[in-house]
Amino acid sequence: MTTPLTLDAVLARAQTRSFEFPYLLANHVPMVLIALDRMGASPQRLDEWYETYRDAHAVPAIAAPVAPINPGNWQEALGDRAREADYRGFFVGEVQRLGIDKAIRTYLPAMTQGIAASATHPLMRLAYGVLKNDAREVGHALGYWAATYLPLPGPGKFEADTDDPAEVLAGIAEIEGIRDYETETDLLWHNIRAVGALPGFAPVIDRLRFHDNTVRRMTEVSLVAFAFTLDFSALHAVTGMHWMRLVAPHVDEDKVEPLYRAFWQVIASLIPKIGFPVFPSADEVQDMRERDAPEWPEIKAAAIASYDEHDVSLTFSASEEQKAWGGDRLYRVAAARRLRLID
């Protein structure tokens, strides 16, 4: 008997594949499948998209387990990609035992400062697992986070000095060595790691004073940065704020600010990759916001037809964030620009 073609059926096949493919690039398949489904793609399109991506990128199967991981030793191998199968198996079991919410509350705080893992794609997978309410996906995401854990300088050593998230980003240009650091490769997470190692980067995580509107301001800054640059790294700020919004309700209240601090620290580390952007004036932002752009059904149809995972990711996140943050049509303009539907 043939298994019906559904999101769950395609996702189950995708879950047998590693979370990265050569060389250390994030496998977006599980998250894209969920986004495509939410935007109205057919099961046949999900299947086609998965198989095309898997074959084009030679996404490998999960490597064999190395050694058992349990609640007593789970932090001992953080950041060891060779332990992917061990961590995925452990966390799938823990999420099934504790439930999605309790598992995230139990384990995520200890990994917050490693949110740069695989250039924040474990956060992405966790957010989509939460969105789908899928215990296995949440377990795989936590395992992904643990095996690729990438710590940056921790908080609590410096005084906050600004209320403006954009000022934190702009200040990166003044760090000694920020224009001539070296990386092993041009991978995003290699850049994040190299910038994070600069001595002058350490205060970044503490610079921002948090208020009731700070998260909203972060989303606004992220959107403007992407809308005006269309930069690949800035794209991850927009999508990342969507992922954070999905995950934050499953973190204890006193752990939410540290999570956002750690995320904004990662975005700050990518400022050299974005090209040290100069933020536009309020009038320039409003002019961009008022540009003609297709409606969401046309933009989503273009994203569904695309084989570029970032077209799908950006379009879905932008459409969801527009709904969440008061209907700002700059999200629609930015998505249309990404999909090359407007200049």
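Q: Let me start with the terms: a residue under 20% relative accessible area is buried, one over 50% is exposed, and anything in between is partly exposed. On that scale, how does Gly275 count?

A: First, keep in mind that this is a predicted model. Gly275 has 46% relative accessibility, so it counts as partly exposed. You'll find Gly275 in the loop between helix H13 (271–274) and H14. Its C-alpha lies 18 Å from that of Arg338, and the two residues are 63 residues apart in sequence.

Q: Can I read a whole helix that way? How many residues of helix H17 are buried?

A: Yes, you just go through the helix residue by residue. Helix H17 (residues 330–338) is mostly covered, with 9 of its 9 residues buried. Charged side chains are on that list too: Arg332, Arg337 and Arg338 are among the buried residues of H17, along with Leu330, Tyr331 and Val333.

Q: What do the buried residues of H17 pack against?

A: Several helices. The buried residues of H17 pack against helix H10 (214–229), H11, helix H14 (282–289), helix H15 (296–305) and H16. Look just past the end of H17 as well: Arg340 has a positive phi there, about 60°.

Q: On to salt bridges. How many does the structure hold?

A: For these you look for a side-chain nitrogen of Lys or Arg within 4 Å of a carboxyl oxygen of Asp or Glu. The structure holds 29 of them. Take Arg13 and Asp47, whose side chains meet with N and O 2.6 Å apart. Arg13 is in helix H1 (residues 7–14) and Asp47 is in helix H3 (residues 43–56), so this bridge ties together parts that are 34 residues apart in sequence.

Q: And Arg13 and Asp47 themselves: are they buried or exposed?

A: One of each sort, nearly. Arg13 counts as partly exposed, because its relative accessibility is 29%. Asp47 counts as buried at 17%.

Q: How should I read a salt bridge inside one helix, such as Arg97 with Glu94?

A: Start with the geometry of a helix. An α-helix has 3.6 residues a turn, so residues three or four places apart point the same way. Now the case here: Arg97 and Glu94 are 3 residues apart in helix H4 (residues 84–98), which means about one helical turn separates them. Their closest N and O atoms are 2.7 Å apart. The two ends of this bridge fall into opposite classes: Arg97 is exposed at 55%, while Glu94 is buried at 7%.

Q: Which residues do salt bridges join into one network?

A: A network comes from bridges that share partners, and here they link Asp308, Asp311, Arg338 and Arg340. You've met two of these already: Arg338 is one of the buried residues of H17, and Arg340 is the residue with positive phi just after H17.

Q: What about a polar residue in a loop? Where is Gln113 found, and what does its side chain reach?

A: With a residue like that, check its cover, then its partners. Gln113 is in the loop between helix H5 (100–111) and helix H6 (121–132), and it is buried, with a relative accessible area of 15%. Its side chain reaches the backbone oxygen of Pro153 at 3.1 Å. The side chains of Gln113 and Gln265 are also joined by a polar contact of 2.9 Å. Leaving out residues up to four places away in sequence, Gln113 touches a set that includes Tyr149, Leu150, Pro151, Ile205 and Ala262.

Q: Last topic: pockets. How much space lies in the largest pocket, and which residues are closest to its centre?

A: The general idea is simple. Rolling a probe the size of a water molecule over the atoms shows where empty space is left. The largest pocket has about 260 Å³ of space. It is lined by 19 residues, and Leu25, Ala26, Leu187, Leu188 and Phe232 are the closest to its centre. Strand S2 (25–26), helix H9 (188–196), helix H11 (232–247) and helix H16 (309–324) each give two or more residues to that lining. H11 has the largest share, with 3 residues. By type, the lining has 9 nonpolar, 7 polar and 3 charged residues.

Q: And what lines the second largest pocket?

A: That pocket holds about 160 Å³ of space. Its lining includes Ser18, Phe19, Glu20, Pro60, Ile62 and Arg81, and it divides into 7 nonpolar, 1 polar and 3 charged residues.

Note on methods: Residues numbered from 1 in each chain as written. Predicted model: local features only at pLDDT ≥ 70, side-chain atom pairs only at ≥ 80, totals over all residues. Heavy atoms only, no water. 1 Å grid on protein atoms, 1.4 Å probe; cavity = no way out; pocket = protein on both sides within 12 Å on 5 of 7 lines; lining within 4 Å. Points joined across faces, edges and corners; volume = space filled by probe spheres on them. Helix = DSSP H or I, 4+ residues; strand = E, 2+ residues; numbered from the N terminus. Nonpolar A, V, L, I, M, F, W, Y, C, P; charged D, E, K, R; others polar. Buried < 20%, exposed > 50% of the residue type's maximum accessible area, 1.4 Å probe, protein only. Polar contact = N/O pair within 3.5 Å; in protein donor to acceptor, adjacent residues only side chain to side chain. Contact = heavy atoms within 4.5 Å.
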